[in-house]
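Grab your viewer and work through these exercises one at a time. Each task comes with a worked solution, so try it yourself before reading on.

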Amino acid sequence: MTTGLQTIVYPVKDLDAAKATFRALFGEPAMDAPYYVGWRVAGQDVGLDPHGHAKGMTGPVGYWQVDDVKARLDELVAAGATVVAEPADVGGGKLIATLTDVDGNVIGLLQP
């Protein structure tokens, strides 16, 4: 099962400009790297991905935390979802994957 929506990632074209906007909202980021900037806000991770548009992101993606990303991916595909990005390690063993539901809505999965 899922333990909730834990992470929201925004694709951005201008990382510095986006960082300034989100810094005004959340304060200083917990992680600030050229490939990802992130904040921890009220138990959720909010991130900026400067490569998101190149990966096909058209807007923010919410990532649901799951115990087994591959098993959940398989269950969603069996239920009619389409894989957009297979599970990938984004650092420290954290896996993410994205799918679309039958209406084209993006679903993100995250395994800590």
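**Exercise 1. Check how confident the predictor is in the chain, and which elements score lowest and highest.**

Step 1: get the scale right. pLDDT is the predictor's confidence in each residue, running from 0 to 100. The protein chain has a mean pLDDT of 95, and 100% of its residues reach 70 or more.

Step 2: go element by element. Helices (H or I, at least four residues) and strands (E, at least two) are DSSP runs, numbered from the N terminus. The lowest mean pLDDT among the elements belongs to strand 1, at 91, and the highest to helix 1 (residues 15-26), at 97.

Step 3: keep the ground rules in mind. This is a predicted model, where local features need pLDDT of at least 70 and side-chain atom pairs count only at pLDDT 80 or more, while totals for chains, interfaces and linings use all residues. Residues are numbered from 1 along each chain as its sequence is written, and side-chain values use heavy atoms, with hydrogens and water left out.

**Exercise 2. Describe the largest pocket: its volume, its lining and the elements that contribute.**

Step 1: define it. On a 1 Å grid over the protein atoms alone, a pocket is an open set of points where a 1.4 Å probe fits, with protein on both sides within 12 Å along at least five of seven lines; lining residues have an atom within 4 Å of a point. Grid points are joined across faces, edges and corners, and the volume is the space filled by probe spheres set on the points.

Step 2: read off the numbers. The largest pocket holds about 800 Å³ of space. Its lining has 33 residues, and Val9, Asp49, Tyr63, Val90 and Ile96 lie nearest the centre. Elements giving two or more residues to this lining include strand 1, strand 4 (44-49), strand 5 (61-66) and strand 7 (95-100).

Step 3: sort the lining by chemistry. Ala, Val, Leu, Ile, Met, Phe, Trp, Tyr, Cys and Pro count as nonpolar, Asp, Glu, Lys and Arg as charged, and the others, Gly among them, as polar. That gives 19 nonpolar, eight polar and six charged residues in the lining of the largest pocket.

**Exercise 3. Is Val9 buried or exposed, and what does Val9 touch?**

Step 1: place it. Val9 is in strand 1.

Step 2: apply the cut-offs. Buried means under 20% relative accessible area, exposed over 50%, and partly exposed in between (1.4 Å probe, protein chains only). Val9 is buried, because its relative accessible area is 8%.

Step 3: list the neighbours. Contact means heavy atoms within 4.5 Å. Setting aside residues within four places in sequence, Val9 contacts Tyr36, Gly47, Asp49, Met57, Gly59, Pro60, Val61 and Tyr63.

Step 4: try another residue of that strand. Thr7 also sits in strand 1, and its 6% relative accessibility makes it buried. Beyond four places in sequence, the contacts of Thr7 are Asp45, Val61, Gly62, Tyr63 and Leu110.

**Exercise 4. Pick apart the ring pair of Phe26 and Trp39.**

Step 1: set the rule. Rings of Phe, Tyr and Trp (its six-membered ring) pair if their centres lie within 6.5 Å; planes under 30 degrees apart count as stacked, over 60 as edge-to-face and the rest as tilted. By this rule there are four aromatic pairs.

Step 2: do the geometry. Phe26 and Trp39 come out as tilted, with 6.0 Å centre to centre and 50 degrees between the planes. This pair links distant parts of the chain, since Phe26 is in helix 1 and Trp39 in strand 3, 13 residues apart.

Step 3: compare accessibility. Phe26 is partly exposed at 28%, whereas Trp39 is buried at 2%.

Step 4: zoom out. Tyr10, Phe22, Phe26 and Trp39 are joined by ring pairs into a cluster.

**Exercise 5. Where does Ala42 sit, and what is its phi?**

Step 1: recall the background. Most residues other than glycine have a negative phi.

Step 2: check the residue. Ala42 has a positive phi of about 50 degrees although it is not a glycine.

Step 3: add the setting. Ala42 lies in the loop between strand 3 and strand 4 and is exposed, at 82% relative accessibility.
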